[in-house]
Amino acid sequence: LKYLEREKFYMYKRIDHVALHVEDLDKSIKFYETNFGCHKYFEHRAGPGFRIAYLKLGDTVLELTHSPDGDMKGFHFCFETDDFDVSITELKQNGVKCLTEPYETAARTPSEEGWRRTVFEGPDGEQIELRG
(Lines give C-alpha, C1' and ligand atoms only; values in the text may rest on other atoms or scores of the structure.)
Protein backbone atom coordinates (compact mmCIF):
# COMPACT_ATOMS: atom_id res chain seq x y z
CA LEU A 1 0.00 0.00 0.00
CA LYS A 2 1.07 3.53 -0.60
CA TYR A 3 2.03 5.51 2.51
CA LEU A 4 -1.14 7.64 2.46
CA GLU A 5 -3.37 4.59 2.10
CA ARG A 6 -1.70 2.99 5.14
CA GLU A 7 -2.17 6.08 7.33
CA LYS A 8 -5.84 5.26 8.03
CA PHE A 9 -4.72 2.07 9.79
CA TYR A 10 -2.69 4.00 12.38
CA MET A 11 -5.13 3.00 15.10
CA TYR A 12 -4.21 -0.70 14.88
CA LYS A 13 -1.11 -1.19 17.05
CA ARG A 14 -0.48 -4.93 16.98
CA ILE A 15 -2.07 -8.34 17.16
CA ASP A 16 -2.92 -8.52 20.86
CA HIS A 17 -3.35 -12.29 21.08
CA VAL A 18 -4.25 -15.51 19.30
CA ALA A 19 -6.83 -17.75 20.96
CA LEU A 20 -7.32 -21.50 20.88
CA HIS A 21 -10.54 -23.11 22.06
CA VAL A 22 -9.57 -26.22 24.03
CA GLU A 23 -11.32 -29.27 25.52
CA ASP A 24 -9.39 -29.35 28.83
CA LEU A 25 -8.09 -25.98 29.98
CA ASP A 26 -5.86 -27.22 32.81
CA LYS A 27 -4.28 -29.87 30.58
CA SER A 28 -3.63 -27.27 27.85
CA ILE A 29 -2.11 -24.76 30.29
CA LYS A 30 0.28 -27.42 31.57
CA PHE A 31 1.12 -28.51 28.00
CA TYR A 32 2.10 -24.99 26.86
CA GLU A 33 3.97 -24.21 30.10
CA THR A 34 5.90 -27.51 30.11
CA ASN A 35 6.69 -27.82 26.42
CA PHE A 36 7.06 -24.24 25.22
CA GLY A 37 8.00 -22.18 28.29
CA CYS A 38 4.78 -20.15 28.39
CA HIS A 39 3.51 -18.96 31.76
CA LYS A 40 -0.06 -18.29 32.82
CA TYR A 41 -0.43 -14.69 33.99
CA PHE A 42 -4.22 -14.26 34.10
CA GLU A 43 -7.32 -16.44 34.29
CA HIS A 44 -10.98 -15.64 34.72
CA ARG A 45 -14.45 -17.08 34.36
CA ALA A 46 -16.62 -15.49 31.69
CA GLY A 47 -19.80 -17.37 32.56
CA PRO A 48 -20.95 -20.66 34.10
CA GLY A 49 -18.12 -23.11 33.45
CA PHE A 50 -16.59 -20.85 30.79
CA ARG A 51 -12.92 -20.22 31.61
CA ILE A 52 -10.25 -18.18 29.87
CA ALA A 53 -6.52 -18.38 30.59
CA TYR A 54 -3.84 -16.08 29.19
CA LEU A 55 -0.29 -17.37 28.75
CA LYS A 56 2.77 -15.32 27.83
CA LEU A 57 5.95 -16.14 26.00
CA GLY A 58 7.99 -12.96 25.75
CA ASP A 59 5.59 -10.33 24.34
CA THR A 60 3.33 -12.93 22.73
CA VAL A 61 -0.02 -13.82 24.31
CA LEU A 62 -1.81 -17.11 23.83
CA GLU A 63 -5.42 -17.17 25.04
CA LEU A 64 -6.87 -20.56 25.90
CA THR A 65 -10.65 -20.78 26.22
CA HIS A 66 -12.87 -23.59 27.45
CA SER A 67 -16.64 -23.73 27.17
CA PRO A 68 -18.40 -26.62 28.96
CA ASP A 69 -20.97 -27.03 26.19
CA GLY A 70 -18.25 -27.19 23.53
CA ASP A 71 -19.86 -24.48 21.40
CA MET A 72 -16.51 -22.76 20.76
CA LYS A 73 -14.30 -24.43 18.20
CA GLY A 74 -11.10 -23.47 16.43
CA PHE A 75 -9.42 -20.13 17.07
CA HIS A 76 -9.65 -16.35 16.78
CA PHE A 77 -7.17 -13.51 16.81
CA CYS A 78 -7.34 -10.02 18.26
CA PHE A 79 -6.14 -6.58 17.19
CA GLU A 80 -5.40 -3.91 19.77
CA THR A 81 -6.66 -0.50 18.67
CA ASP A 82 -5.89 3.03 19.85
CA ASP A 83 -9.35 4.28 18.87
CA PHE A 84 -11.89 1.59 19.64
CA ASP A 85 -15.00 3.55 18.65
CA VAL A 86 -13.59 4.81 15.34
CA SER A 87 -12.39 1.30 14.46
CA ILE A 88 -15.86 -0.13 15.02
CA THR A 89 -17.56 2.64 13.06
CA GLU A 90 -15.22 2.23 10.07
CA LEU A 91 -15.54 -1.55 10.00
CA LYS A 92 -19.34 -1.36 10.10
CA GLN A 93 -19.34 1.35 7.37
CA ASN A 94 -17.20 -0.98 5.26
CA GLY A 95 -19.82 -3.70 5.61
CA VAL A 96 -17.82 -5.93 7.97
CA LYS A 97 -20.29 -8.04 9.95
CA CYS A 98 -20.25 -7.41 13.72
CA LEU A 99 -20.82 -10.66 15.63
CA THR A 100 -20.58 -9.26 19.17
CA GLU A 101 -21.42 -5.69 20.08
CA PRO A 102 -18.86 -3.90 22.29
CA TYR A 103 -18.76 -4.62 26.00
CA GLU A 104 -16.32 -4.12 28.86
CA THR A 105 -13.81 -6.91 29.32
CA ALA A 106 -11.66 -8.08 32.22
CA ALA A 107 -8.33 -6.26 32.54
CA ARG A 108 -5.46 -8.74 32.30
CA THR A 109 -3.05 -6.00 33.39
CA PRO A 110 -3.66 -2.60 35.06
CA SER A 111 -3.07 -0.78 31.75
CA GLU A 112 -6.16 -2.50 30.32
CA GLU A 113 -8.62 -1.07 32.88
CA GLY A 114 -11.71 0.21 31.06
CA TRP A 115 -10.98 -1.65 27.83
CA ARG A 116 -13.82 -2.96 25.74
CA ARG A 117 -14.09 -5.89 23.37
CA THR A 118 -16.03 -6.66 20.20
CA VAL A 119 -15.90 -9.38 17.53
CA PHE A 120 -16.23 -9.07 13.75
CA GLU A 121 -16.39 -11.74 11.06
CA GLY A 122 -13.74 -12.08 8.36
CA PRO A 123 -14.40 -13.12 4.75
CA ASP A 124 -14.01 -16.84 5.52
CA GLY A 125 -15.99 -16.81 8.78
CA GLU A 126 -12.95 -16.25 10.98
CA GLN A 127 -13.52 -14.29 14.15
CA ILE A 128 -11.58 -11.04 14.51
CA GLU A 129 -11.63 -9.54 17.99
CA LEU A 130 -10.84 -5.88 18.71
CA ARG A 131 -9.73 -4.65 22.15
CA GLY A 132 -8.97 -1.20 23.32
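Among contacts in the protein chain between residues at least 6 apart in sequence, what percentage join residues at least 24 apart? In this predicted model, the share is 52%. The paragraphs below move from the overall order of elements to individual residues, then to a helix and a pocket.

The protein chain contains three helices and eight strands. Read from the N terminus, these elements follow the order α-β-α-β-β-β-β-α-β-β-β. The chain has 132 residues, of which 36% are buried. Its accessible surface amounts to about 8,200 Å², and carbon and sulfur atoms account for 53% of that area.

One residue that brings together distant parts of the sequence is M11, located in the loop between α1 (3-7) and β1 (12-21). The relative accessible area of M11 is 0%, and M11 is therefore buried, the cut-off being under 20%. In sequence, M11 and D82 stand 71 residues apart, yet their C-alpha atoms are 4.8 Å apart in space. Leaving aside residues up to four places away in sequence, M11 touches E80, T81, D82, D83, V86, S87 and E90.

Among these partners, S87 leads to helix α3, which spans residues 84-93. The buried residues of α3 are F84, S87, I88 and L91. Viewed down the axis of α3, these residues fall within an arc of 95°, so they line one face of the helix. The general geometry of such an element helps to explain the pattern: an α-helix has 3.6 residues a turn, so residues three or four places apart point the same way. The cover over the buried residues of α3 includes strands β1, β5 (75-81), β6 (98-104), β7 (116-121) and β8 (127-131). Just after α3, G95 adopts a positive phi of about 85°.

Another buried position is L55, which belongs to strand β3. L55 counts as buried because its relative accessibility is 0%. The C-alpha atoms of L55 and K40 are separated by 4.2 Å, while the two residues are 15 residues apart along the chain. Without counting residues up to four places away in sequence, L55 touches I29, Y32, E33, C38, H39, K40, Y41, T60, V61, L62 and L64.

Helix α2 (residues 25-36) offers a residue with another kind of environment, namely D26. With a relative accessibility of 47%, D26 counts as partly exposed, since that class lies between the 20% and 50% cut-offs. D26 and A53 are 27 residues apart in sequence, and the distance between their C-alpha atoms is 9.1 Å.

The description now turns from residues to empty space. Rolling a probe the size of a water molecule over the atoms shows where such space is left. The largest pocket holds about 190 Å³. It is lined by 15 residues, and those closest to its centre are A46, F50, I52, Y103 and R117. Two or more lining residues come from each of the elements β2 (39-47), β3 (50-57), β4 (60-66) and β8. Strand β3 gives the most to this lining, with three residues. By class, the lining comprises seven nonpolar, four polar and four charged residues. Strand β3 thus appears in two parts of this account: it holds L55, and it contributes three residues to the lining of the largest pocket. Strand β8 likewise appears twice, as part of the cover over the buried residues of α3 and as one of the elements that give two or more residues to the pocket lining.

Technical notes
Residues are numbered from 1 along each chain as its sequence is written. This is a predicted model: local features need pLDDT of at least 70, side-chain atom pairs count only at pLDDT 80 or more; totals for chains, interfaces and linings use all residues. Side-chain values use heavy atoms; hydrogens and water are left out. Helices (H or I, at least four residues) and strands (E, at least two) are DSSP runs, numbered from the N terminus. Buried means under 20% relative accessible area, exposed over 50%, partly exposed in between (1.4 Å probe, protein chains only). Contact means heavy atoms within 4.5 Å. The arc is that of the directions from the helix axis to the C-beta atoms. On a 1 Å grid over the protein atoms alone, a cavity is a set of points where a 1.4 Å probe fits but cannot get out, and a pocket is an open set with protein on both sides within 12 Å along at least five of seven lines; lining residues have an atom within 4 Å of a point. Grid points are joined across faces, edges and corners, and a volume is the space filled by probe spheres set on the points. Ala, Val, Leu, Ile, Met, Phe, Trp, Tyr, Cys and Pro count as nonpolar, Asp, Glu, Lys and Arg as charged, and the others, Gly among them, as polar. Accessible areas come from the Shrake-Rupley method with a 1.4 Å probe; for residues, only the protein chains shown count as cover.
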